[in-house]
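Visitor: I would like a close look at a single part of this model, the surroundings of the ligand. Please also describe whatever helps to place that part within the chain.

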Amino acid sequence: MGDFLWEWYGWIKSMHVISVIAWMAGLFYLPRLFVYHVEVVGSGNPTDDLFQVMERRLLKAIMTPAAVSTWVFGLCLVFTPGIVDWSLWWPWFKATAVITMTWFHIWLMLRRRDFAAGQNRLTGRAYRAMNELPTVLMFFIVFSVIVKF
Ligand code: HEM
């Protein structure tokens, strides 16, 4: 297993980074859609329906598959011999940040369901504030995995 992962290391890491890009694009964009949905569109009109379609497709067709493949390829890298030294800080920082990123993804899924049920309770300001979270986490993750402190 270890030999197989080593042989494919470059390809697996490439797929990991490609998946990360797709996932992050959605994590940045979906909260912005929610801001416009609350502040400009409202609910119970044709534009509301259009936003609901965009939000559902973004999550189901792009974000969730990208999150799953980020995890799958990321875990392959974790199990590649000699890649992760758990006596350093960076794997723990990165693990904490990716678990928080995954929580944020689930939080967005739940908020999308609220919109779909016409029961959103949050303001545009709240979604704007939450939109900062993936940016902060991205800094943590990239510094961890590249600087490897
Ligand atoms: C979801 C769970 C994740 C796991 C289990 C995971 C795990 C890993 C591992 C073990 C490596 C290999 C490091 C090396 O080759 O030295 C890696 C590379 C990388 N990861 Fe992740 N990762 C995850 C999510 C993310 C996320 C969310 C981002 C960005 C926001 C990210 C960005 C990167 C980058 C840029 C690299 C390449 C770094 C380099 O080789 O210089 N990862 N990941």
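Guide: What follows begins with the basis of the model and the chain as a whole, then turns to the ligand, the helices around it and some outlying positions.

This is a predicted model, in which local features need a pLDDT of at least 70 and side-chain atom pairs count only at pLDDT 80 or more, whereas totals for chains, interfaces and linings use all residues. Residues are numbered from 1 along each chain as its sequence is written.

The protein chain has 6 helices and 0 strands, where helices (H or I, at least four residues) and strands (E, at least two) are DSSP runs numbered from the N terminus. In sequence order the pattern is α-α-α-α-α-α, and the C-alpha trace spans about 55 × 25 × 15 Å along its principal axes. Of the 149 residues, 22% count as buried; a residue is buried if 20 or more other C-beta atoms lie within 10 Å of its own, exposed if 12 or fewer and partly exposed in between, with C-beta atoms placed from the backbone.

Around the ligand there are 20 residues, of which V20, G74, L77, V98 and I141 come nearest; a residue is taken as near a molecule or strand if its C-beta atom, placed from the backbone, lies within 6 Å of it. Two or more residues of this shell are given by each of α2 (9-41), α3 (46-78), α4 (90-116) and α6 (132-147), and the largest share, 6 residues, comes from α3. The shell is made up of 16 nonpolar, 3 polar and 1 charged residues, on a scheme that counts Ala, Val, Leu, Ile, Met, Phe, Trp, Tyr, Cys and Pro as nonpolar, Asp, Glu, Lys and Arg as charged, and the others, Gly among them, as polar.

A record adds two annotations to this picture. UniProt, in an unreviewed entry, lists H16 and K94 under "binding site". These two positions are spread over 79 residues of sequence, yet they cluster in space, with a largest C-alpha distance of 14.3 Å. H16 belongs to helix α2, and H16 is buried because 20 other C-beta atoms lie within 10 Å. The same unreviewed entry annotates residues 12-30, 61-83, 89-108 and 129-147 as "transmembrane region"; UniProt positions are given in the numbering used here, feature names are shortened, and annotations may be inferred rather than shown by experiment. In the model, residues 12-30 are 100% helix and 0% strand, with end C-alpha atoms 27 Å apart, while residues 61-83 are 78% helix and 0% strand, with end C-alpha atoms 31 Å apart.

The helices that supply the shell can also be described by how they pack. Two packed helices are described by the angle between their axes and the distance between the axes. Here the axes are lines fitted to C-alpha atoms, for helices over the stretch in contact, and angles run from 0 to 180 degrees between N-to-C directions. For α2 and α3 the angle is about 155 degrees and the axes are 8 Å apart, so α2 and α3 are roughly antiparallel to each other; angles under 35 degrees count as roughly parallel, over 145 as roughly antiparallel, 65 to 115 as roughly perpendicular and the rest as oblique. α2 passes α3 in a left-handed crossing, a crossing being left-handed if the near helix is turned anticlockwise from the far one by less than a right angle, and right-handed if clockwise. The contact of α2 with α3 holds 20 nonpolar, 8 polar and 3 charged residues.

Packing between α3 and α4 is at an angle of about 155 degrees, with axes 11 Å apart, which makes α3 roughly antiparallel to α4; α3 passes α4 in a left-handed crossing. The axes of α4 and α6 come within 9 Å and cross at roughly 155 degrees, and α4 and α6 are therefore roughly antiparallel to each other, with α4 passing α6 in a left-handed crossing.

Some positions outside these helices complete the view. S43, in the loop between α2 and α3, is partly exposed, with 16 other C-beta atoms within 10 Å, and the C-alpha atoms of S43 and G82, 39 residues apart in sequence, are 53 Å apart in space. T123, in the loop between α4 and α5 (124-130), is exposed, with 12 other C-beta atoms within 10 Å. K148 lies in the segment after α6 and has a positive phi of about 55 degrees although it is not a glycine.
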